[in-house]
Amino acid sequence: MAKEIFGRLPPLPSISEVLRMYRVHAKKSLSQNFLLEPKLTSKFVSRAGKIRGSYVCEVGPGAGSITRSILAQRPKHIVVVEKDARFLPSLLMLQNACQGHMSVVLGDILKFDMSKLFPRETERPWEDECPPIHIIGNLPFNVSLPLIIKWLRAISKHDSAWRYGRVNMTLSVQEEVGVRITAVPAHSQRSRLSVMCQNWCEVEHLFTIPGRAFVPQPDVNVSIIKFTPRIRPLIDMDFDLFEKFVRVMFSMRQRQCKHPLQRLFPIHKREELATKLFTVADVDPNAPSFNLTFDELERLSLTYGLIVEQHPELRHYDHINPACIAEDKARISLLSSKKIPR
Ligand code: SAM
């Protein structure tokens with residue numbers, strides 16, 4: 001395989017040999033499950049899109065199995081971001097072998113800023129086709145959800161890698177997470193993650209890799225999902241306000257949406273504002289949250305946005321925040337003390 005990839009360059013040891021050579025054992029704390037089968041790593045990379053002549057950022061390269069498949073497609077440059085320093089020797093070996101086409105960053109992807117990672121000439125206006133940049137990663141399971149939410153926020157603000165345009169991502173996630181990401185309205189797994197991902201990206205389930213293909217074998221299968229940022233989000237709203245709205249709505253996914261959504265409002269205004277929300281949005285309060293279409297969600301969330309404009313203090317109201325709970329309790333006791341005739 002090494003000969004195919006690097007042409008004139010010296011052949012490299014296989015990834016299993018590399019892991020043996022450097023005595024690297026998988027660390028559970030870093031969700032390390034290695035994909036060593038070249039057919040699968042090539043499929044992963046070829047389904048990401050046109051890599052030849054492009055720029056790539058790979059998350060969590062480990063010993064470099066997917067990295068080798070990326071390099072086989074001859075990108076202009078690849079940056080790999082790895083947290084575990086034990087992989088440094090094998091990644092540096094790969095970097096030396098591919099003559100200036102690869103950089104290695106030792107760091108935490110959750111803190112990594114991609115806003116200066118690629119050359120200016122790769123930038124495309126947001127409405128244009130996607131720039132020649134790919135984010136690829138066999139993600140550590142324990143990082144995938146916070147990372148995807150962080151990147152969706154960056155997409156919404158055209159920040160970080162997305163200041164270059166609509167950069168796509170091809171990422172692995174646990175199969176059940178993949179099902180949630182792609183679940184359409186009325187699907188039993190429709191959730192906060194489905195709405196957040198689909199609002200800002202077109203999401204496509206590319207294929208599933210059985211757990212047994214990884215070393216060590218995880219308990220679950222793994223889905224490969226491609227995210228392509230939308231030119232315009234389905235619902236154009238401030239990310240944090242929309243995130244709160246969706247989080248509260250799906251806190252009781254199976255119940256009639258009036259139950260979770262009234263919790264957007266402090267107790268003393270709950271009835272009045274919840275009634276206003278459903279009346280203005282013209283949505284049936286008895287519909288279960290997971291059944292709502294994007295149209296209904298749009299009417300509800302934009303109406304919520306208008307209510308927040310009229311009552312700015314609601315922006316920071318969060319029914320699970322201890323300070324808000326304490327305030328609600330104080331109001332209840334004040335109201336009940338007023339009702340008691342003295
Ligand atoms: N790409 C390799 C493969 O497919 O065989 C390894 C994939 S393994 C599922 C996840 C990789 O992400 C590991 O190498 C792990 O050390 C790395 N990792 C875990 N947490 C990370 C973080 N916060 N930032 C960067 N890399 C991380």
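The following exchange concerns the annotated binding site and the ligand shell of a predicted model.

Me: What should be known about the model and its numbering?
Reply: Residues are numbered from 1 along each chain as its sequence is written. The model is predicted, with local features needing pLDDT of at least 70 and side-chain atom pairs counting only at pLDDT 80 or more, while totals for chains, interfaces and linings use all residues.

Me: Which residues does UniProt list for "binding site"?
Reply: The unreviewed UniProt entry lists Asn33, Leu35, Gly60, Glu82, Asp108 and Asn138; such annotations may be inferred rather than shown by experiment.

Me: Where is Asn138?
Reply: Asn138 is in the loop between β5 (133-137) and α6 (141-157), where strands are DSSP runs of E with at least two residues and helices are runs of H or I with at least four.

Me: Why does Asn138 count as buried?
Reply: Because 27 other C-beta atoms lie within 10 Å of Asn138; the term requires 20 or more, with C-beta atoms placed from the backbone.

Me: What is Asn138 in contact with, beyond four places in sequence?
Reply: Its partners are Leu35, Gly60, Ile66 and Ser172, a contact being C-beta atoms within 7 Å.

Me: And Asn33, where is that?
Reply: Asn33 occupies the loop between α2 (15-21) and β1 (34-35). Asn33 is buried because it has 20 C-beta neighbours inside 10 Å.

Me: Turning to the ligand, how many residues surround it?
Reply: There are 21, each with its C-beta atom within 6 Å of the ligand. The closest are Phe34, Gly60, Gly62, Asn138 and Pro140.

Me: Which elements supply at least two shell residues each?
Reply: β1, α4 (65-72) and β3 (77-82) do.

Conventions. A residue is buried if 20 or more other C-beta atoms lie within 10 Å of its own, exposed if 12 or fewer, and partly exposed in between; C-beta atoms are placed from the backbone. Two residues are in contact if their C-beta atoms, placed from the backbone, lie within 7 Å.
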